[in-house]
Amino acid sequence: MELRWLESFVVVAEELHFGRAADRLHLAPSALSAQIRALESHLGVRLIDRGRRTRPALTSAGRLFLEETRLTLAQAARAVAVGRRAGRGELGHARIAYVASAAFSGVLTDVLGRCAAPGTDLTVQVRELETPAQLEALACGDIDVGFLRWRPEYPSEVTAACLLTEDVVVAVPADAPLAAYEAIPAAALREESFVAPHFDEEYGCRDQILEVAAQGGFSPRCAPPVRDYVAALTLVGGGLAVALVPDSLRRAHLPGVAYRPLADVPLTTRLVGAYRRQETAPAVRGVIRRLREAAVPTAAG
């Protein structure tokens with residue numbers, strides 16, 4: 001049974017006139033009659049009485065069938081709409097991971113807000129995950145999009161778009177002498193213990209600490225590494241260390257922590273959105289499109 005037979009039957013039932021129904025359907029009357037006969041033959045029941053001297057009328061079976069046909073056509077239309085929306089990336093499911101510091105940047109919430117725009121019914125699952133683990137999860141398909149700190153290299157199947165470039169500032173205990181500086185020179189950090197996230201990778205916060213130490217003319221003393229920037233700030237607030245952190249972490253408002261720019265070492269950090277180059281899932285492609293809408297003009301990586 002074809003949907004066009006059902007559509008033709010509904011129009012005939014509404015018009016109760018084959019000529020007018022054929023005009024509405026842009027069919028020849030003979031073609032319309034053939035469709036109705038095919039439908040009745042398929043069902044094994046007469047749906048329309050075709051009187052020679054009276055206008056056509058629905059049989060009792062036709063009246064019952066009309067109600068169900070309208071429901072069937074409405075459901076078919078909904079199915080078509082869902083399929084098209086899914087194809088445009090407006091429906092579906094996407095898994096997003098983010099580094100803890102991304103939650104304070106505003107970029108993550110911006111992209112999630114775009115995914116929740118009117119007319120969009122994306123189901124988005126989010127979880128916190130450090131940068132190296134995100135890259136592995138992207139490569140093996142465990143997540144679909146990652147918000148992470150820039151890296152000079154990515155797995156071959158992964159690409160990234162720069163979402164935010166921000167200054168690196170020094171987080172110091174609020175009651176420490178360093179907090180009296182408007183901008184802290186590198187040499188003033190000579191006696192401090194630096195704490196930083198550490199993910200057992202070659203590139204990371206360690207390089208920034210070494211750059212500051214080189215400018216200040218000292219060998220840095222480092223506290224045991226922690227999982228993320230928020231953990232580092234907790235140690236800073238406790239007066240145990242200082243930390244080099246993205247400027248957006250000021251929004252964390254951890255007690256006992258003050259933030260000061262570096263006076264003589266211009267450091268920046270980039271937050272990127274990473275995803276698979278050959279992504280095929282329409283819902284994920286929809287998230288990627290919204291991510292790229294939020295990206296800065298130049299790409300990273």
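## Val45 and the surface patch

Val45 is partly exposed in this predicted model, since its relative accessible area comes to 32%, and its place in the chain is the loop that runs between α3 (29–43) and β1 (48–49). Together with Met1 and Leu43, Val45 makes a nonpolar surface patch of about 240 Å². The patch takes in residues with over 30% relative accessible area, so Val45, at 32%, meets that cut-off.

## The largest nonpolar core

In soluble globular proteins, nonpolar side chains tend to be buried together. Here the largest nonpolar core has 38 residues, and those with the most contacts inside this core are Leu189, Leu233, Leu244 and Val245. At least two residues of the core come from each of β6 (158–173), α7 (205–216), α8 (229–237), β9 (243–246) and β10, with β6 giving the most, namely five residues.

Leu233 shows how such a residue is surrounded: leaving aside its neighbours within four places in sequence, Leu233 is in contact with Ala171, Val245, Leu249, Ala252, Leu254, Val257 and Tyr259.

## A second core

Apart from the largest core lies another, of 35 residues, and among its members are Val111, Leu163, Ala283 and Ile288.

## Confidence in the model

The chain averages a pLDDT of 88, and 92% of the residues score at least 70. Among the elements of the chain, strand β10 (residues 257–261) has the highest mean pLDDT, at 97, whereas strand β4 (residues 121–128) has the lowest, at 84. Where pLDDT is low, the predicted coordinates should not be read in detail.

Methods:
Residues numbered from 1 in each chain as written. Predicted model: local features only at pLDDT ≥ 70, side-chain atom pairs only at ≥ 80, totals over all residues. Heavy atoms only, no water. pLDDT = per-residue confidence, 0-100. Helix = DSSP H or I, 4+ residues; strand = E, 2+ residues; numbered from the N terminus. Patch = residues over 30% accessible without salt bridge, like charges linked within 9 Å, V, L, I, M, F, W, Y side chains within 5 Å. Areas by Shrake-Rupley, 256 points an atom, 1.4 Å probe, with all protein chains shown as cover. Salt bridge = Lys/Arg side-chain N within 4 Å of Asp/Glu carboxyl O. Buried < 20%, exposed > 50% of the residue type's maximum accessible area, 1.4 Å probe, protein only. Core = buried A, V, L, I, M, F, W, Y, C linked by side-chain atoms within 4.5 Å. Contact = heavy atoms within 4.5 Å.
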